[in-house]
Amino acid sequence: MSLQAIDNSDVRKLRQIAGEENVLVGGDIPDDYSHDEMAPVTAQPEVVFRPGCTGEVASLLQHCRGRGIAVTPRGSGTGLMGGAVPVCGGVLLDMGRMKEILEIDCENMLARVQPGVTLLELSEAVESRGLFYAPDPGEKSGSIGGNVSTNAGGMRAVKYGVTRDHVRGMQVVLADGEVLDLGGRVAKNSTGYQLMQIIIGSEGTLAVVTEITVRLLPRPPALASLLVQFSDLDQAISTVPRFAAAGITPQAIEFFRRGVITASEQYLGKAFPDRSAPAYLLLRFDGSSREELESQMDAAGRVCLENGAEDALIADTAERQEALWSARGAFLEAIKHDEMDEADVVVPRAAIAEMVHYADEVGERVDLRMETFGHAGDGNLHINMLRDGLPWEQWRSRVDAAMDLLYEKSEELGGMVSGEHGIGHAKRAYLHRHTDRREIELMRGIKELFDPSGILNPQKVL
Ligand SMILES: Cc1cc2nc3c(=O)[nH]c(=O)nc-3n(C[C@H](O)[C@H](O)[C@H](O)COP(=O)(O)OP(=O)(O)OC[C@H]3O[C@@H](n4cnc5c(N)ncnc54)[C@H](O)[C@@H]3O)c2cc1C
C-alpha cells in the first residue's frame with residue numbers, strides 16, 4: 001500500500017480522538033519534532049498526535065491503517081539513529097503525555113509504567129523505596145518506551161545486561177489498532193514464541209508500546225569506583241577479560257583516552273579528577289557490604305597493576321564518584337557541540353583494542369577527527385566522527401568512507417552493526433550489507449506479519 005498525505009478530514013478525526021490541543025499541525029509544530037539527538041536525518045511531520053491513553057493510540061492506528069498514513073512513534077527524541085524522525089511525513093506519535101508510574105509492586109519487585117516515563121523518573125521513584133532499576137543508558141531523559149524500543153544498553157550492562165533482560169510484560173497496540181498484552185508478572189516464560197522479545201528493540205516498526213512492566217532489584221547498599229591509569233590503550237583493554245577470569249564482577253567497565261577528558265572539562269567547566277595518563281579504565285562496583293566492595297576493589301586493583309597499570313584511584317564517597325561518572329556521562333554531549341555522526345559497533349571484548357586502533361587509522365586515512373570511547377566490559381565502542389567546520393558535503397563523504405571501512409572491520413572481527421543505539425534510518429545500509437540475506441528475509445517476513453500496510457515507522461531498520 002502506498003502511503004497517503006494527511007488531509008483536513010484526517011486532522012478533524014484525530015482531534016476528535018485526542019482533543020484539539022493534542023493535535024498539532026503545520027506552523028504549530030515545533031522544530032524539535034523534525035530530528036533526534038544526532039542522526040543527519042531531518043523531516044517535518046504533517047501532524048503531531050499526543051495521546052493520553054492506550055485507547056487513543058488504538059483509535060489513531062485504526063484510522064491511519066484504513067487511510068494508509070505513516071505513523072512514527074517518538075519517546076523523548078534522544079535516539080542517535082533517526083528512529084523517531086518521520087522520514088515519510090504522516091503522523092508523529094509523541095508518547096510524552098503517557099508518563100504515569102502506574103504501580104510499584106515491592107512484593108513481586110516490579111514496576112508498571114506508561115512509556116513516556118523517563119529513565120530518571122523511574123530510577124528516582126524506585127530508589128526512594130530501596131529498589132533499583134538496573135539498565136543505565138547515559139541519557140536519563142530518554143523514555144522507558146524509547147529504551148525498550150531500542151533495547152538500550154548503557155553502563156551497567158556488564159553486570160546486569162541490557163533493557164531486554166529487565167522487561168517482564170508489555171501492552172502494545174498493533175498496526176491495525178488491536179491492543180495486546182504480552183508477558184506479565186512472571187519471572188520466567190517458555191510459552192511459545194516470545195513476541196514481546198521481538199517487539200523489544202524493533203524501534204517502533206512492529207507495534208506501539210503503551211505500557212511496560214519491568215523487574216526491579218534490591219538497591220545495592222554500597223557503591224565504589226576505581227579510575228585506573230594506563231600508559232597505553234592496549235594495556236587497558238587487555239586487562240578487561242582478566243576481571244571475569246578472576247571472578248570480579250564490576251557493574252561497569254568504561255574505557256577512554258585523555259583527549260575526551262579535555263572536551264568534557266571544557267563542557268562541564270569542572271576539572272576531571274586525573275588527566276595524567278594516556279588511557280583509562282573506569283570501573284564501578286556494587287555490593288551488599290563495604291567489606292565485599294573492598295575485597296572486589298582490591299582484587300580488581302591487583303589485576304590492573306599486574307597488567308601494567310600505572311596507578312588506581314579509589315572513589316568511595318558519593319562526591320568523588322559523581323565527579324567521575326558525571327564526566328563520563330558528559331563525553332558525548334561534550335564532543336557533540338558541533339555536528340557529528342557515530343558508529344556504535346560491538347565486537348568481541350578481546351577485539352576492542354584492535355578496533356580502536358583501526359578507527360584511529362581510518363581517521364587518518366579519510367582525514368576526519370574521531371573520538372572513540374565506550375563500554376569496554378561488553379565490547380561496545382562509540383566511534384564519533386566530528387565535522388570540525390568542514391563543508392557539509394565534504395564531511396559527509398568522509399564519514400561515509402569511514403563508516404564503510406569500520407563496519408567491514410567490525411564484521412571481520414566478529415562484530416555487529418549496533419551494540420545499543422539501534423539501526424533507525426541512519427544505519428539501514430549497513431544492516432543490509434553486514435547481515436545474512438536469509439536473516440533479512442525473515443525480518444521482512446516478521447514486519448509484513450505485524451504491519452502488512454507498512455504504516456508503522458516506515459523506512460526504519462529494514
Ligand atoms: C548523551 C546521550 C547518551 C546516550 N547514552 C546511551 C547509552 O549509554 N546507551 C544507549 O543504549 N543509548 C544511549 N543513548 C541513546 C538514546 O538515549 C536511547 O536510544 C534511548 O533509548 C532513546 O529513548 P527516547 O525515548 O529518546 O526514544 P526516541 O529517540 O524518541 O525513539 C527511539 C526509537 O524508539 C521508537 N519508540 C519510542 N517510543 C516508542 C513507543 N512507545 N512504542 C514504540 N516505539 C517507540 C521510536 O520510533 C524510535 O525508533 C544516548 C543518547 C544521548 C543523547
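**Exercise 1. Domains**

What distance separates the centres of domain 1 and domain 2, taken over C-alpha atoms? Find the two domains along the chain, then look at how they touch.

*Solution.* Keep in mind that this is a predicted model.
- Step 1: locate the parts. Domain 1 covers 101–218, domain 2 covers 222–334, and domain 3 covers 338–421.
- Step 2: take the centres of domain 1 and domain 2 over C-alpha atoms; they are 29 Å apart.
- Step 3: turn to the contacts. Domain 1 brings five residues, which are in contact with eight residues of domain 2. On the domain 1 side, these are two nonpolar, one polar and two charged residues.

**Exercise 2. Around the ligand**

How many residues surround the ligand, and which are the closest? Work out which elements contribute to this shell.

*Solution.*
- Step 1: count the shell. The ligand has 39 residues around it, and the closest are Gly75, Gly79, Gly83, Gly146 and Gly204.
- Step 2: assign the shell to elements. Two or more residues each come from strand E3 (71–74), helix H4 (144–150), strand E10 (208–215) and helix H10 (318–335).
- Step 3: pick out the main contributor. H4 gives the largest share, five residues.
- Step 4: sort the shell by class. There are 21 polar, 10 nonpolar and eight charged residues.

**Exercise 3. Helix H14**

Why does the end-to-end distance of helix H14 agree with the span it should have? Then check how well the helix is covered.

*Solution.*
- Step 1: note that H14 takes in residues 437–450, which makes 14 residues.
- Step 2: apply 1.5 Å a residue. The helix should therefore span 20 Å.
- Step 3: compare with the model. The end C-alpha atoms of H14 are 20 Å apart, so the two values agree.
- Step 4: look at its surroundings. None of the 14 residues of H14 is buried, and the helix is hardly covered.

**Exercise 4. Two aspartates in loops**

Where are Asp367 and Asp388 found? Examine phi for each, and decide whether each is buried or exposed.

*Solution.*
- Step 1: recall the usual case. Most residues other than glycine have a negative phi.
- Step 2: place Asp367. This residue is in the loop between helix H11 (352–366) and strand E17 (369–375). Asp367 is not a glycine, yet has a positive phi of about 60°.
- Step 3: count neighbours. Asp367 is exposed because it has 11 C-beta neighbours inside 10 Å, and the cut-off for exposed is 12 or fewer.
- Step 4: repeat for Asp388. The loop between strand E18 (380–386) and helix H12 (392–412) holds Asp388. Its phi is positive, about 50°, although Asp388 is not a glycine. With 11 C-beta neighbours inside 10 Å, Asp388 counts as exposed.

Key
Residues numbered from 1 in each chain as written. Predicted model: local features only at pLDDT ≥ 70, side-chain atom pairs only at ≥ 80, totals over all residues. Helix = DSSP H or I, 4+ residues; strand = E, 2+ residues; numbered from the N terminus. Expected span 1.5 Å × (residues − 1). Buried ≥ 20, exposed ≤ 12 C-beta atoms within 10 Å, placed from the backbone. Near = placed C-beta within 6 Å. Nonpolar A, V, L, I, M, F, W, Y, C, P; charged D, E, K, R; others polar. Domains from an automatic or database assignment. Contact = placed C-beta atoms within 7 Å.
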